[in-house]
Amino acid sequence: MENKTNSRPATNNLANNLTNVLVIGGGGREHALAWKLAQSHKVQKVYVAPGNGGTALDPRLENINITDPQALLDWVITQNIALTVVGPEQPLAAGVVDLFRAKGLRIFGPTAAAAQLESSKAFSKAFMQRHGIPTAVYETFSDAKVAHAYVDKMGAPIVVKADGLAAGKGVVVAMTLKEAHDAIDFMLLGNELGVAHNGGEARVVIEEFLSGEEASFIVMCDGKNVVTMATSQDHKRLLDGDAGPNTGGMGAYSPAPVVTPDVHARAMREVILPTIKGMAKDDIAFTGFLYAGLMIDADKKIKTLEFNCRMGDPETQPIMMRLKTDLFDVLWAATEPTEQGGLQDIELEWDRRTALGVVMAAQGYPAAPRKGDVITGLPVLKQADYEQEQDAMVFHAGTLDKDGNTLTSGGRVLCVTVLSDSVKKAQQRAYELTKSIHFDGAQYREDIGYKAIKS
């Protein structure tokens, strides 16, 4: 097991032949990945399935209205797509990587078995306990009555998590017993989030409340070797000052000052490398992006809050803004079928500036987001603009292009992302751009990056 990020630059064996790439997904993360891939001189066209209103506006990208894994497989074969990268968690949990690999196709992401690190909180917690990876004390329940009794015994604050995919909203940090009991009923009895539970049975994981500062620690893995991405920090709560309900993420910035060199080394030593080794030991080799949500306490000790088996959203947007290495080269190397793995000699180069992204969400998000509002004030980019290095981008998520208008179509609508010399300057510029964009009912936090500025 190796962690090498300071060797030779990434290369591939395509020589000067242009190739076509597919990005599966339609959110802000996928827009950022497609935008970065399109900058490669080795890439002719980036297809996005299904894409969104923002990817529809970029002349280098083309939306493909296909979401079924088998239909995507058939399309990739007929279109001779050289490389596929999977953005969201749902197709990973559904086994799209297994399906593509069975046909000998090059695809970056974990298998359905490996994706259980995200798709099942119960699997993930048991895995961490089995392999000695630091995490919160927990219990798993399918019986609401027993879960309620456990909460009464443990007290509040306490954390209740739905055991399944919930688009980043299946976690309740209950500060009171009532909030915890309501969350149990909501997840076990009501299942109003539409969580894709495992084994056909609704379950919750209830774990101890951890205090400290959160950070997103994301790596790429080829099954053996690990390459670290730039550090970042997400803002999960809806309102300023980390108040209000949990969301999929209201903004992010990179790098994260809380991840000091010592914390970085500890995260690799105590979390990332034991996870990759543990998966291999369990005969589930992990390939793809691995996201560890970390809680860092006052003594700089870390515990793992959760795993995601893909890039975070909205962390991807600022991370892609800072990445200077050709992303296509890296993904090509990561999918090389070699015994040593393709990432063993890869070096990633990062812009030294800070990238910060502000999420603009629809009215009613996260509980009941409104759709269909017209978005105005978006920057107008021409082909030549896309071919220049950008220090400000509006990445789309819940948008669609209809009759020449861009409309809201989901909860998190846009991520206004900028590069600047400091967190404070990036914050100021991001909010200047955010305030120039309008759609009815738009909501966004006005303090993204405040922890970095405060520190």
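What follows is a chat between two people about reading some features of a predicted model.

Colleague: Let's start with the overall picture. How many helices and strands does the protein have?

Modeller: Keep in mind that this is a predicted model. The protein has 15 helices and 25 strands. Along the principal axes, the C-alpha atoms fill a box of roughly 65 × 55 × 45 Å.

Colleague: What does the radius of gyration say when set beside a compact globule?

Modeller: For 455 residues, a compact globule would come out near 23 Å; the protein has 21 Å, which agrees. Buried residues make up 58% of the 455. The accessible surface comes to about 18,300 Å², and carbon and sulfur atoms own 48% of that.

Colleague: And what share of the contacts with a separation of 6 or more comes from residues 24 or more positions apart?

Modeller: That share is 71%.

Colleague: On to cysteines. How many disulfides does a search of the whole structure find?

Modeller: General idea to begin with: a disulfide is a covalent bond between the sulfur atoms of two cysteines. Here the search finds zero. Take Cys 309: the nearest cysteine sulfur, that of Cys 221, is 11 Å away. A disulfide needs the two sulfurs within 2.5 Å, so a pair at that distance doesn't count.

Colleague: Is Cys 309 buried or exposed?

Modeller: Cys 309 counts as buried, with 2% relative accessibility. Cys 415 is buried too, at 1% relative accessible area.

Colleague: Now the rings. How do I read an aromatic pair, and how many are there?

Modeller: You describe a pair of aromatic rings by the distance of the centres and the angle of the planes. In this model the count comes to seven aromatic pairs. One of them is Tyr 47 with Trp 75, with 5.0 Å centre to centre and 75° between the planes, which makes the pair edge-to-face.

Colleague: Which elements do Tyr 47 and Trp 75 lie in?

Modeller: Tyr 47 is in strand β3 (residues 43-50), while Trp 75 is in helix α3 (residues 69-79), so the pair ties together parts that are 28 residues apart in sequence. Both partners are tucked away: Tyr 47 is buried at 12% relative accessibility, and Trp 75 is buried at 13%.

Colleague: What are the numbers for Phe 108 and Phe 289?

Modeller: Their ring centres are 5.0 Å apart and their planes sit at 90°, so that pair is edge-to-face as well. It links distant parts of the chain: Phe 108 belongs to strand β6 (residues 107-108) and Phe 289 to strand β19 (residues 287-296), 181 residues apart. Phe 108 is buried at 2% relative accessible area, and Phe 289 is buried at 3%.

Colleague: Rings can also have a charge over them. Which ring does the charged end of Arg 106 sit over?

Modeller: The ring of Trp 332, with the charged end 3.7 Å from the ring centre.

Colleague: Let's do helices. Why would you call helix α1 largely enclosed?

Modeller: You go through the helix and see how many residues are buried. In α1 (residues 28-37) ten of the ten are, so the rest of the structure largely encloses it. That list includes charged residues, among them Arg 29, Glu 30 and Lys 36.

Colleague: How many residues of helix α7 are buried?

Modeller: Seven of the ten in α7 (residues 121-130), so that helix is largely enclosed by the rest of the structure too. Among the buried ones are Phe 123, Phe 127 and Met 128. After α7 comes Gly 132, and its phi is positive, near 70°.

Colleague: Last topic: single residues. Where does Leu 305 lie, and what does it touch?

Modeller: Leu 305 lies in strand β20 (residues 302-308) and is buried at 15% relative accessibility. Beyond its close sequence neighbours, Leu 305 touches residues including Lys 161, Glu 207, Leu 210 and Met 295. Val 394, 89 residues along the chain from Leu 305, is 29 Å off by C-alpha.

Colleague: And where is Tyr 444?

Modeller: In the loop between α14 (423-435) and α15 (450-454). At 24% relative accessibility, Tyr 444 counts as partly exposed. Its C-alpha is 8.7 Å from that of Gly 251, though the two are 193 residues apart in sequence. Its contacts outside the local stretch include Met 250, Val 358, Met 360 and Tyr 431.

Definitions and conventions. Residues are numbered from 1 along each chain as its sequence is written. This is a predicted model: local features need pLDDT of at least 70, side-chain atom pairs count only at pLDDT 80 or more; totals for chains, interfaces and linings use all residues. Side-chain values use heavy atoms; hydrogens and water are left out. Buried means under 20% relative accessible area, exposed over 50%, partly exposed in between (1.4 Å probe, protein chains only). Rings of Phe, Tyr and Trp (its six-membered ring) pair if their centres lie within 6.5 Å; planes under 30 degrees apart count as stacked, over 60 as edge-to-face and the rest as tilted. Helices (H or I, at least four residues) and strands (E, at least two) are DSSP runs, numbered from the N terminus. A charge sits over a ring if NZ of Lys or CZ of Arg is within 6 Å of the ring centre and within 35 degrees of the ring normal. The radius of gyration is taken over C-alpha atoms; the globule rule is 2.2 Å times the number of residues to the power 0.38. Contact means heavy atoms within 4.5 Å. Accessible areas come from the Shrake-Rupley method with a 1.4 Å probe; for residues, only the protein chains shown count as cover. Lists of a residue's contacts leave out its neighbours within four places in sequence.
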